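Here are some notes on the model, written as numbered points to be read beside the sequence and the structure.

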Amino acid sequence: MKKNHFLFLFFVFIIFTSVSLQAQKPIDGLASKQTKNLFFNLMKLKNKGIMFGHQDDLAYGVGWKYETGKSDVKIVTGDYPAIYGFELGRIELDHRVNLDSVPFDSMRNYIKTIYQRGGVITISWHLNNPLTGKTAWDPAPGTVASILPGGEKNELYKSWLDKVANFIVTLKDKNGVPIPVILRLFHELNGNWFWWGGDHCTPEEFKQLWQFTVSYLRDTKNIHQCLYAYNTDRFNSKEDYLLKYPGDKWVDVVGFDIYQREGGEKGNAQFIKDMDHMLAMIEEIAVDKKKIPALTEFGYAQIPDSTWWTNVFYKALGHHKISYALAWRNAGFNKEGDADFYVPYKGQISEKDFIKFSKEPSILFQKDLNFKIVYE
Ligand code: BMA
């Protein structure tokens, strides 16, 4: 090869690798060191395995509430989850506890404990409807439009974001270093049940809402400890998934939520097929866009199938290269005496199978990780 050719190819190579590396970074150019590291490490760790997560894991479980160090996942498997979900709903109303009764002060302490041991934190927000004052499940038409700049509720919405920002900035380690969190805003956006969802706003309005929110938290409030997760419910195609996608400059994590509702052989087979297909699409989207792929929420209420974890869930999940999978919360017994849970507790029929699932080398729990692996 002539020297000139060699030099030309060399420069093409350098430009190509630097362009592709450049794209692989959090959307916040001023993201803190630990937040950037979390992004890069999540990208890397997905080749090692899938982090197992659980909503409100340290706060309560089936038959218990607020006991330090307790966790249904740990009681059953001997280890803590690798990632934890928390929920901000009602913070916008200045409540002391969230809509699931978790005190925000306790939440902050859990988050500090988790960070210290190298666990990952993701936060959802079932914020009330700012137009009607009712809950997140009040899909009044026009709500999204009303909170965009120029809308009658924009000031109110900004004051709610101020409260979210005030909470996030208190998430610091003992040296005052901001703790990175994955914010999954406006989740299940293609479903019709939330005011931000489905037909209740146009794709353009949704994108504007997303960009406004990220920009407000990041650029106006100067918060630089967040990664942002775009998160649908079940979807049929990549086009369907991306219908309201606000753009590569606005999203760090691409994920979806999925629940199994039908049991039996037929229900199981269908669930495996659906989840496998969606995971394959999300992996492709993530590779294409250089984002972190995740199963942002999943579950089978009350897990009525003793081998669900290995025979159904793992069959759909195990061979995919995604970053994490977050099981929904173990709310415990309600007044009628019915239990609401998504991971087994001691004595539950899928307990043994969950232990078997937790031992799969490709499923990561806390002991598979540490602070250095996740944040350095
Ligand atoms: C839903 C249910 C509710 C809960 C809400 C917010 O899926 O679990 O009980 O209040 O999420 O966490």
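1. A word on terms comes first, since the sheet is the natural place to begin: two strands are taken to pair if DSSP finds at least two bridges between them. The model is a predicted one, and strand E6 (residues 181–184) is joined to E7 in it by 4 bridges, with the two strands running parallel. Within this pairing, Leu183 has Tyr228 of E7 as its bridge partner.

2. On its other pairing, E7 meets strand E8 (residues 253–259), again in the parallel sense and over 4 bridges, and here Asn231 stands opposite Gly255 of E8. The connection from E6 to E7 can be followed as well, because E6, helix H7 (residues 203–220) and E7 together make a β-α-β unit that is right-handed.

3. Is strand E7 enclosed by the rest of the structure or open to the outside? Of its 7 residues (226–232), 7 are buried, so the strand is largely enclosed by the rest of the structure. In a regular strand the side chains alternate between the two faces of the sheet. In E7, Cys226, Tyr228, Tyr230 and Thr232 point one way while Leu227, Ala229 and Asn231 point the other way, and all of them are buried.

4. The largest nonpolar core has 115 residues, and among these Phe52 and Trp196 touch the most other members. Helix H9 supplies the largest share of this core, namely 8 residues. In soluble globular proteins, nonpolar side chains tend to be buried together. Once neighbours within four places in sequence are set aside, the contacts of Trp196 include the aromatic residues Trp125, Phe186 and Phe206, along with Leu127, Leu189, Leu209, Ala136 and Val144. His126, His187 and Cys201 are also in contact with Trp196.

5. How many disulfides does a search of the whole structure find? The search finds 0, where a pair would have to bring two cysteine sulfur atoms within 2.5 Å. Two cysteines already mentioned can be placed by their accessibility: Cys201 is buried, with a relative accessible area of 7%, and Cys226 counts as buried at 1%.

6. The count of salt bridges comes to 13. In one of them the side chains of Asp94 and Lys163 meet, with an N to O distance of 3.1 Å. This pair links distant parts of the chain, as Asp94 lies in the loop between strand E4 (83–87) and helix H4 (104–116), whereas Lys163 belongs to helix H6 (residues 154–168), 69 residues apart. Asp94 is exposed, with a relative accessible area of 56%, while Lys163 counts as partly exposed at 22%.

7. Helix H9 takes part in further links of this kind. Glu284 forms a salt bridge with Lys238, the closest N and O atoms being 2.5 Å apart. Because Glu284 lies in helix H9 and Lys238 in helix H8 (residues 238–242), the pair ties together parts that are 46 residues apart in sequence. Both partners are partly exposed, Glu284 at 43% relative accessibility and Lys238 at 29%.

8. Lys289, also in helix H9, forms a salt bridge with Asp248, with 3.2 Å between the closest N and O atoms. Asp248 sits in the loop between H8 and E8, so that the pair links distant parts of the chain, 41 residues apart. Asp248 is partly exposed at 36% relative accessibility, but Lys289 counts as buried at 18%, because the cut-off for buried is under 20%. Elsewhere, Arg184, Asp257 and Glu297 are linked in a network of salt bridges.

9. Two backbone positions deserve a look. Most residues other than glycine have a negative phi, and most peptide bonds are trans. Asp56, although not a glycine, has a positive phi of about 55°; Asp56 lies in the loop between strand E1 (50–55) and strand E2 (60–61), and counts as buried at 0% relative accessibility. Lys290 likewise has a positive phi, near 60°, and is a residue other than glycine. Its place is the loop between helix H9 (264–289) and strand E9 (292–299), and Lys290 is partly exposed, with a relative accessible area of 25%.

Conventions
Residues are numbered from 1 along each chain as its sequence is written. This is a predicted model: local features need pLDDT of at least 70, side-chain atom pairs count only at pLDDT 80 or more; totals for chains, interfaces and linings use all residues. Side-chain values use heavy atoms; hydrogens and water are left out. Buried means under 20% relative accessible area, exposed over 50%, partly exposed in between (1.4 Å probe, protein chains only). A nonpolar core is a set of buried Ala, Val, Leu, Ile, Met, Phe, Trp, Tyr and Cys residues joined through side-chain atoms within 4.5 Å. Contact means heavy atoms within 4.5 Å. A salt bridge is a side-chain nitrogen of Lys or Arg within 4 Å of a carboxyl oxygen of Asp or Glu.
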